[in-house]
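Here are some notes from my pass through this model, point by point. Have the coordinates open as you read.

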Amino acid sequence: MEFAVADDEAWLSVFGIAPQAEEASGEKWVREVRIPVSATEELHVSWDMVERSVRLRWKQASRIIVDVYREQTTRLTVDDHNNEPLVLVEYHAGGCSGRTVVRTRPNLTLKDTFLRT
């Protein structure tokens, strides 16, 4: 399956930040975006194009509040729906499919759905 990822211009348009190579791995195919949510909160989105995986981490100061890791990702996109910026992740594996939606404004919310198909 293909892994479709929003291009740099889409990230820049929705969040004002362009993806870059992930600092931790240093690999060019692992990318990341760090989205400020408030003065003390950040949504860290990273993805591995080779392994087709996505990781979403919501941090408050230096504490990780939520850490979601998904493999077999088929789509990672962004949208500005009614001035509520969204990160959308879709994945399919072993007769199951799922979707994770993260809204960053007005408050950060994360909805994760995982179903057998």
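1. A word on naming before anything else: helices (H or I, at least four residues) and strands (E, at least two) are DSSP runs, counted from the N terminus. Keep in mind as well that this is a predicted model. With those labels, glycine 16 falls in the loop that joins H1 to strand E2 (20–21). Is glycine 16 buried or exposed? Its relative accessibility is 52%, and the cut-off for exposed is over 50%, so glycine 16 counts as exposed. If you want a long-range distance from here, take aspartate 79: the two are 63 residues apart in sequence, and their C-alpha atoms are 12 Å apart in space.

2. Now the sheet with a clear strand order. Five strands make an open sheet, running E2-E3-E4-E5-E6 with antiparallel pairing. The edges are taken by E2 and strand E6 (63–70); each has a single partner strand, so one side of each has no neighbour in the sheet. Inside that order, E4 and E5 pair in the antiparallel sense over eight bridges. For a register check, look at serine 46, which stands opposite arginine 55 in E5.

3. Next, strand E7 (residues 73–81) and its partners. Strand E1 (residues 4–5) pairs with E7 in the parallel sense, over two bridges, and alanine 4 sits opposite arginine 75 there. E7 also pairs with strand E8 (residues 84–93), this time in the antiparallel sense and over eight bridges. Histidine 81 faces glutamate 84 of E8 across that pairing. The E7 and E8 hairpin has two residues between its strands, and asparagine 82 in the turn has a positive phi of about 55°.

4. Threonine 73 deserves a look too. It is placed in strand E7 and is buried, with a relative accessible area of 0%. What is threonine 73 in contact with, leaving aside neighbours within four places in sequence? The list is Glu2, Phe3, Arg52, Ser53, Val54, Val89, Glu90 and Tyr91.

5. On to the inside. The largest nonpolar core has 21 residues, and the ones with the most contacts inside it are Trp11, Ile35, Val45, Trp47, Leu56, Leu76 and Val87. Two or more residues come from each of these elements: helix H1 (8–15), strand E3 (30–36), strand E4 (41–48), strand E5 (53–60), E7 and E8. Tryptophan 11 is a good place to centre the view. Not counting residues up to four places away in sequence, tryptophan 11 touches Val5, Ala6, Gly16, Ile17, Pro19, Val33, Ile35, Val45, Trp47, Leu76, Val78 and Val87. Note that glycine 16, the exposed loop residue of point 1, is among these contacts.

6. There is some nonpolar surface as well. Trp29, Met49 and Val50 form a patch with about 270 Å² of accessible area together. Tryptophan 29 belongs to the loop between E2 and E3 and is partly exposed, at a relative accessible area of 34%.

7. Last, the charges. The whole structure holds eight salt bridges. One of them joins aspartate 112 to arginine 70, with the closest N and O atoms 2.4 Å apart. That pair links distant parts of the chain, 42 residues apart: aspartate 112 is in strand E10 (residues 109–116) and arginine 70 is in strand E6. Aspartate 112 is partly exposed at 32%, and arginine 70 is partly exposed at 23%.

8. Two further bridges involve E8. Glutamate 90 forms a salt bridge with arginine 75, the closest N and O atoms being 3.3 Å apart; glutamate 90 is in strand E8 and arginine 75 in strand E7, 15 residues apart. Is glutamate 90 buried or exposed? At 18% relative accessibility glutamate 90 counts as buried, whereas arginine 75 counts as partly exposed at 36%. Arginine 103 and glutamate 84 also meet through their side chains, at 3.7 Å from N to O. Here arginine 103 lies in strand E9 (residues 96–103) and glutamate 84 in strand E8, 19 residues apart. Separately, a network of salt bridges links Glu32, Arg34 and Glu42.

Note on methods. Residues numbered from 1 in each chain as written. Predicted model: local features only at pLDDT ≥ 70, side-chain atom pairs only at ≥ 80, totals over all residues. Heavy atoms only, no water. Pairing = 2+ DSSP bridges. Core = buried A, V, L, I, M, F, W, Y, C linked by side-chain atoms within 4.5 Å. Buried < 20%, exposed > 50% of the residue type's maximum accessible area, 1.4 Å probe, protein only. Contact = heavy atoms within 4.5 Å. Patch = residues over 30% accessible without salt bridge, like charges linked within 9 Å, V, L, I, M, F, W, Y side chains within 5 Å. Areas by Shrake-Rupley, 256 points an atom, 1.4 Å probe, with all protein chains shown as cover. Salt bridge = Lys/Arg side-chain N within 4 Å of Asp/Glu carboxyl O.
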